[in-house]
Amino acid sequence: MPPAVFTIPAHRAFADSLAAGLIARYGRDPAALARGLLLLPNNRAARAIQDAFVRRSGRGLLLPRLVTVGDPELDERIGGALAPLDDEAPIPPAVEPIERLMLLSRLVQRHLRADAAEALRLAEDLARTLDQLLIEEVAPARLADFAADLPDLSLHWQKSLDQLRFILADWPDLLAARGQIDLADRRNRLLNALAKRWRDAPPAGFVCAAGITTAAPAVARLLRAVARLPAGQVVLPGLDLDMAEDEWASLGPHEPDPATGRRRPSLETHPQFHLKLLIDRLGVGRGEVRRWRFGGGRDAPAARGRAISRAMAPPAFTRQWQALRPPDRRLGGVRALELADPAEEAQAIAVALREVLEEPGRTAALVTPDRALARRVSALLRRWGIEADDSAGRPLPQTPPGTLLLAIATAAAERFAPVPLLTLLKHPLVMSGEARLGWLDGVRSLDLALRGPRPPAGLEGLTTHLETGDARNASARREALSWWRGAMPLLSPLERAFDRSEGLAERLTAVRQTVVALCGDSPWSGPAGRRAAEMLAELEAAAREGPEAVRPAELPLVLERLMGSVAVRPPFGQHPRIFIWGLIEARLQRADLMVLAGLNEGVWPALPAPDPWLAPRLRGELGLPSLERRIGLAAHDFAGALGAPRVLVTRARRDARAPAVASRFWLRLEAMTGGLTRAPAVRKWARAIDRPAAHRPAARPAPSPRERPRAISVTEVDRLKADPFAFYARRILKLHRLDPVDADPTAAWRGSAVHTVLERWMKEDDCDPERLRPRAEALLAGAAAHPLMRALWQPRLMEAIDFIAGEVAKNRSDGRLPLAAEAEGRCELAGVALKGVADRIDRCADGSLAIVDYKTGQPPSAKAVSEGYSLQLGLLGLIAEHGGFDGIEGRASCFEYWSLARKAGRLGYVASPAGGRNGIETADFTSVAARNFIAAAEKWLTGEEPFTAKLHPEYAPYGDYDQLMRLDEWYGREG
């Protein structure tokens, strides 16, 4: 009896065609169908076949048993078919995947002396390599032979091979001691036992192996047995029966060359290679494979299948495209869209999917390996209330419970630095319920108190900062401190666990306990919470088998890597007609419209993942699949999806970083067809959907409030004149720019710190030159700055400090003595209270006053002073002349900036805003300042002049309120 091997062409819907054929053959007797067994590649395929049976039957139906060949409990799913005989030993259980990963990571850490995160990454690659060896039935012991057989292997690969040999020498003994085997080994044994049992005693009902394309030896032996059962059949997806024989032979595998013994490389990147390898292992010629004669109802014309075959021809045969007639080139029903970037591509896809819903009963599916694009499309569909059925779900680290676990681990690893701490405390799951509002009020007060440079590390360091920190933030710190004393005990056990233990299990336990302390049991509810709880429980149980030492900084990396392999799929609530599929999920499924997206090199097909353990040459010698075989699988997925009735292929001309190269699949279609049919309407709708009917940019704001301030600081006068709107926002709307959290010391912070040092030096040390440098060194030692910032700033500060000490000593010798530091003054002028703080006031030898201002940067330019700006020193002199500084009287005759910037090759110099190129004499400086101030006050403070934005932008360099004034909408557009 010839083997029963069939294929469903690419232009037919596989699941529906299979269901139609099985119902037609066995459906007359419901019991006959129910007695059957369907072997399928994965769980998603089982669901697709089940849905197809429901669609095709139109009535109640007893389905055959659906079993996936990759199921680790295959013996139980098959039923009694694998009950062991008396003379057969039972197959040992498989080691759990998480336990296996932990055990391998410990072996890697011991042999390579890697840290925990690196050991885990290498262990994942090692697990894949080990699985490939087991699946292809290559004994790991063979690796020892190649060390001598391949002496010309590069040193890097020889070292990797030696390390792999040592690890794999320990691995079997480790599993044997546990009474377990690898999952791939168990699967092989189950498949081999099932093939043997069916050859000896065929099952009573029919057996159909459908949609399985892997050519693994154990799978091939089982399919070989199924194809030769009395009621067995193997149904392959998309085997090309129309390909010319010379093209088929060119795919490989090839026989060794008689002279050299070497084989020609196989075309593993071709979509038919893995199917050719499979039927070779089945012992079936391509001519023996028959077409499945049943259609699925969602089929494209047969011409589509032939066109797909031509488009995917081996490279050496693509020259035949030139001789094709126009009808043979055509891909009817396939349209293309080339968009500017991923955002526009996602918008166009969402519009195309939404359009399908206008046709009752029609379905649409997005097929892409690009998860970022899939998430974009899913988010855009929600604007119409569509929750797409995304088969891949969401990675656990992107769900609220996953982000909470990472936030706790990160906060502890970074010793509760402000940014990770606030991220944790503001997490939406923390203190959810009635206590949430009060909790957030406390977190916001802590947020305000932590603005600026980083406080000392640890919970106690944070408490000390709130008790004794910067005086500028005193009110916020007092409010935060009372709340923080109640919140800190919730985090103290976590800090102790990270400080006292190096074990992964103990730290994971502390993370779990912190979840409960902060959130109760609510994070463990819902699909994502249950998956997080299961993953964490499995990881805690297996962690003691894992890396022996885990540094605190590594735990977030380890946790994120482990959670990244866990997907969360909502059990219900998705749209019944809009789907998002990955390549594996789409293999046996079909929708009325298939959108094949992300067709750029590196995305579809993806770049082959490197194998850090086995050199490519060594993989070939061992008979393992090459790294490029995944490209052939991606090509087969693409060819199968092209067989839908309507297809839209899309790509973006650039990705998030750089211009993108079109996928080789896209280029093949373009080359064979002479240019795919475009879909301009979809692009037009995508661009129009968010485009306003008319652009109405905002005008330059010029508010004119009735109530205006009657007091102003000398440092605000320039802001009032140059950018009245900024003054309005700050003083009337009371909007103040917040410092970033955990910021490096800014120029303003450094200036304030220097002012504090100089103030205390004058008030407490009486300007003793010997005491200034120690005060500056104490400032640097206690500065909450990054060590690199401190190292870069210290030499400049010390040199500038020496300059100030020298200048003060020189002035003393000339009879000029310091009177006051950080002196606050006030006077009434033009009906407005003018206030200011003088960095220093000196008494000159002639009894007049010198006004000194310290600058860590450059002093104002002569041009700015001549145009009526940067007159702060003149206004401070004016306050002094009005007796506005307590205990200080006299005429201001000297105005100086003591700059700590570089000039003439040295740090520190003295400059005066009066005299020189600005044309203002020193004696007239206060009167000039008074005239300018009175004019400004009468316009904006006591008058009714509107507060126009950016009146003189050249003197309004700060952009704190640019967004509020909507600067980009009007600046430069006014005539």
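Tutor: Let's start with a cut-off: relative accessible area under 20% is buried, over 50% is exposed, and anything in between is partly exposed. Keep in mind that this is a predicted model.

Student: Why is Arg561 called partly exposed?

Tutor: Arg561 has a relative accessible area of 35%. Partly exposed is the range between 20% and 50%, so that value earns the label.

Student: What makes Arg561 and Glu124 a salt bridge?

Tutor: The closest N and O atoms of Glu124 and Arg561 are 2.7 Å apart. The cut-off is 4 Å between a side-chain nitrogen of Lys or Arg and a carboxyl oxygen of Asp or Glu, so the pair qualifies.

Student: Why do you say that this pair ties parts together?

Tutor: Glu124 sits in helix H6 and Arg561 in helix H24 (residues 555–564), so the bridge connects parts 437 residues apart in sequence. As for Glu124, its relative accessibility is 17%, so it counts as buried.

Student: What about Arg165 and Asp162: where do they lie?

Tutor: Both are in helix H8 (residues 155–178), 3 residues apart, which is about one turn of the helix. They form a salt bridge with the closest N and O atoms at 2.8 Å. Arg165, at 26%, is partly exposed, and so is Asp162, at 30%.

Student: Why does the pair of Arg551 and Glu554 still count as a salt bridge?

Tutor: The N to O distance there is 3.7 Å, and the limit is 4 Å, so the pair passes. Glu554 has a relative accessible area of 3% and is buried, whereas Arg551, at 46%, counts as partly exposed.

Student: How many salt bridges turn up in the whole structure?

Tutor: The search gives 59. There is also a network of them, linking Glu118, Arg121, Asp125 and Arg128.

Student: On to cysteines. Why is there no bond between Cys894 and Cys844?

Tutor: Cys844 holds the cysteine sulfur closest to that of Cys894, and the gap is 5.3 Å. A disulfide needs the two sulfurs within 2.5 Å, so this pair is too far apart. The disulfide count comes to 0. Cys894 is buried at 17% relative accessibility, and Cys519 is buried at 10%.

Student: What makes Glu137 stand out in its backbone?

Tutor: Its phi is near 55 degrees, which is positive even though the residue is not glycine. Most residues other than glycine have a negative phi, so a positive one gets flagged. Glu137 is in the loop between helix H6 (116–135) and helix H7 (143–149), and it is partly exposed at 38%.

Student: And Phe416: is it buried or exposed?

Tutor: Buried, with a relative accessible area of 3%. Phe416 also has a positive phi, near 60 degrees, and it sits in the loop between helix H17 (400–413) and helix H18 (418–425).

Student: Which residues does Leu421 touch, leaving out those up to four places away in sequence?

Tutor: Phe416 is one of them, along with Ala411, Leu446, Leu462, Trp484 and Leu491. Leu421 itself is in helix H18, and at 0% relative accessibility it falls under the 20% cut-off, so it is buried.

Student: What is the state of the peptide bond between Gly252 and Pro253?

Tutor: That bond is cis, with omega about -5 degrees. Pro253 is in the loop between helix H11 (245–250) and helix H12 (273–282). Another cis bond runs from Trp604 to Pro605, with omega near 10 degrees.

Student: Last topic, empty space. How many cavities of 30 Å³ or more are there?

Tutor: The search finds 2. The largest has a volume of about 60 Å³, and its lining divides into 6 nonpolar, 3 polar and 2 charged residues. Asp718 and Lys721 are among the residues that line it.

Student: What residue classes line the second largest cavity?

Tutor: That lining has 7 nonpolar residues, with no polar and no charged ones. The names are Met102, Ala116, Leu120, Leu504, Pro547, Val550 and Val558. Ala, Val, Leu, Met and Pro are among the types that count as nonpolar, so the tally follows from the names.

Key:
Residues numbered from 1 in each chain as written. Predicted model: local features only at pLDDT ≥ 70, side-chain atom pairs only at ≥ 80, totals over all residues. Heavy atoms only, no water. 1 Å grid on protein atoms, 1.4 Å probe; cavity = no way out; pocket = protein on both sides within 12 Å on 5 of 7 lines; lining within 4 Å. Points joined across faces, edges and corners; volume = space filled by probe spheres on them. Helix = DSSP H or I, 4+ residues; strand = E, 2+ residues; numbered from the N terminus. Buried < 20%, exposed > 50% of the residue type's maximum accessible area, 1.4 Å probe, protein only. Contact = heavy atoms within 4.5 Å.
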